[in-house]
2 protein chains.
Amino acid sequence: MVNQEDPRVLRTRQLIRTAFRALLRRKGFDAITIKDIAQEATINRATFYAHFEDKYALLDEVTEQAFHEMIPERVADAQEFTDEICDQLILMTHQYIVDFYRICRMDSNSMAKLVDEKIKKMLQQTIESIFLKGGTHLGPDRHRIKIMAAMTGSAIYGAAHYWLNVEEKDRTDGLVDIVRPYVLNGLGLGV
Amino acid sequence: MVNQEDPRVLRTRQLIRTAFRALLRRKGFDAITIKDIAQEATINRATFYAHFEDKYALLDEVTEQAFHEMIPERVADAQEFTDEICDQLILMTHQYIVDFYRICRMDSNSMAKLVDEKIKKMLQQTIESIFLKGGTHLGPDRHRIKIMAAMTGSAIYGAAHYWLNVEEKDRTDGLVDIVRPYVLNGLGLGV
DNA sequence: AGGGAAAGGTTGCATAGGCAACACATTGTA
DNA sequence: TACAATGTGTTGCCTATGCAACCTTTCCCT
């Protein structure tokens, strides 16, 4: 395997990611071939396989990168799961989903499922890391913390996703007003 | 020497050019080192020398690239040296000079001289190529055509450069109104 | 069903680029 | 002046990428 810190490797991987994101804006995921990606990235097809097993692995990484680009600094650095952090997580998740469905042609079920799973996972990890940073009220039980993070992430994601089909979907304050109390009460942080 | 059509070479050279242009916006030419360029381009310093002899060669290429980016298509494709083409050459040259002096810190005499010479040369080549494409009224004498192109290019460049110090320098129509008749009359194309 | 085109992967070899070390030149400074 | 620091330019060795060739798998057309 290649050395992930070699500048050539960093550049090549970035080229591939950028090319893939550009392609997603004009083609469906299923219709994109490795050849397409290699051409768009101006790299050799064989080189692609030195970095990614297949386009699914690439999608995974791109999804993760996009998540990191969208997460507000205050959330990433948060020491505690406050109202404000909760709101930002809800809004960001909603925005992420909206962007993804608007920019990419979600004509592929396999892609939609992969992206959904990935975002949920990233969300859960983010929440868990916040729980762990602040000496949390949830107690020291690592298992319990993980489950609470999983539930919270899933709840936020599920609501944000559902909101796509709501009539007032532009009114994100409506979404926040419903989700925040639910999550905070569930965590025993209710006001 | 490296193969100029290898995709790696094309990418590397582009990285170097882009890095150099970025550096020129925040440092004087004399203050820019090869190390700076290599760092900005995320390439190795030794790699720089595989592509350019020194930063002067790079400046030459970047100047030429910028010229090609600015030249209007109608001028590049022109079959004849018409009034309109003449006007566009004047305006473009003026714009090029203005941009260069605005964007780059022209604190280096060596740089200013190199850039000036290069633009003049590009201008003369462009004009000569137009003369050669249209069965010109200048006759078949290649030598004569070259001199006419050199004079025309120098005249346009000189005027555009002088215009930097004119009070109404924003009024480029004033520049055009002076240069166009001069050049066209000189070429025996007067109206 | 069958057969050809296109995509997915893999491999060996040639070349470009990364890295570290070196000698030399230039500059700044005590 | 001297000497330390920084920049220039080069070299040898190693790794990543390009390229062409190859086989396999998938798809699609009749």
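The legends below describe close-up views of a predicted model.

**View 1. Stacked rings in helix α6 of chain A.** The pair shown is Tyr96(A) and Phe100(A), one of the 14 aromatic pairs found over all chains. Their ring centres are 5.6 Å apart and their planes meet at 25°, so the pair is stacked; the limit for stacking is under 30 degrees. Both residues belong to helix α6 of chain A, residues 83-103, and because they are 4 residues apart, about one helical turn separates them. Tyr96(A) and Phe100(A) are both buried.

**View 2. Stacked rings in helix α6 of chain B.** Tyr96(B) and Phe100(B) have ring centres 5.6 Å apart and planes at 25°, so this pair is stacked. In chain B, helix α6 covers residues 83-103; Tyr96(B) and Phe100(B) lie 4 residues apart within this helix, which means a separation of about one helical turn. Both Tyr96(B) and Phe100(B) are buried.

**View 3. An aromatic cluster in chain A, and charged groups over rings.** Phe20(A), Phe29(A) and Tyr56(A) form a cluster linked by ring pairs. Also in chain A, Arg13(A) is placed over the face of Phe52(A), 4.6 Å from the ring centre. In chain B, the ring of Phe29(B) has the charged end of Lys55(B) over it, at 4.7 Å from the ring centre.

**View 4. The protein surface around DNA strand D.** There are 22 residues around DNA strand D, and those that come nearest are Asn3(A), Arg8(A), Thr12(A), Thr47(A) and Arg8(B). Of the strand D atoms that come within 4 Å of the protein, 69% belong to sugar and phosphate. Two contacts with bases are shown. Arg8(A) places a polar side-chain atom 2.7 Å from a base oxygen of DNA strand D, and Arg45(B) places a polar side-chain atom 2.9 Å from a base nitrogen of DNA strand D. A phosphate oxygen of DNA strand D lies 3.4 Å from a polar side-chain atom of Tyr49(B). The elements giving two or more residues to this surface are α1 (7-24) and α3 (45-51) of chain A, with α1 (7-24), α2 (34-41) and α3 (45-51) of chain B. By class, the surface near DNA strand D has 8 nonpolar, 7 polar and 7 charged residues.

**View 5. The protein surface around DNA strand C.** DNA strand C is surrounded by 22 residues, the closest being Arg45(A), Asn3(B), Thr12(B), Thr47(B) and His51(B). Sugar and phosphate make up 69% of the strand C atoms that come within 4 Å of the protein. A base oxygen of DNA strand C is 2.8 Å from a polar side-chain atom of Arg45(A). Asn3(B) has a polar backbone atom 2.8 Å from a phosphate oxygen of DNA strand C. The side chain of His51(B) has an N or O atom 2.8 Å from a phosphate oxygen of DNA strand C. Two or more residues of this surface come from each of α1, α2 (34-41) and α3 of chain A, and from each of α1 and α3 of chain B. The residues near DNA strand C divide into 8 nonpolar, 7 polar and 7 charged.

**View 6. Two cysteines.** Cys104(A) is buried, with a relative accessible area of 10%. Cys86(B) is at 0% relative accessibility and therefore counts as buried. The count of disulfides over all chains is 0.

Technical notes
Residues numbered from 1 in each chain as written. Chains lettered and ligands numbered in written order. Predicted model: local features only at pLDDT ≥ 70, side-chain atom pairs only at ≥ 80, totals over all residues. Heavy atoms only, no water. Phe/Tyr/Trp six-rings, centres within 6.5 Å; stacked < 30°, edge-to-face > 60°. Buried < 20%, exposed > 50% of the residue type's maximum accessible area, 1.4 Å probe, protein only. Lys NZ or Arg CZ within 6 Å of the ring centre and 35° of its normal. Near = heavy atom within 4 Å. Polar contact = N/O pair within 3.5 Å; in protein donor to acceptor, adjacent residues only side chain to side chain. Nonpolar A, V, L, I, M, F, W, Y, C, P; charged D, E, K, R; others polar. Disulfide = S-S within 2.5 Å.
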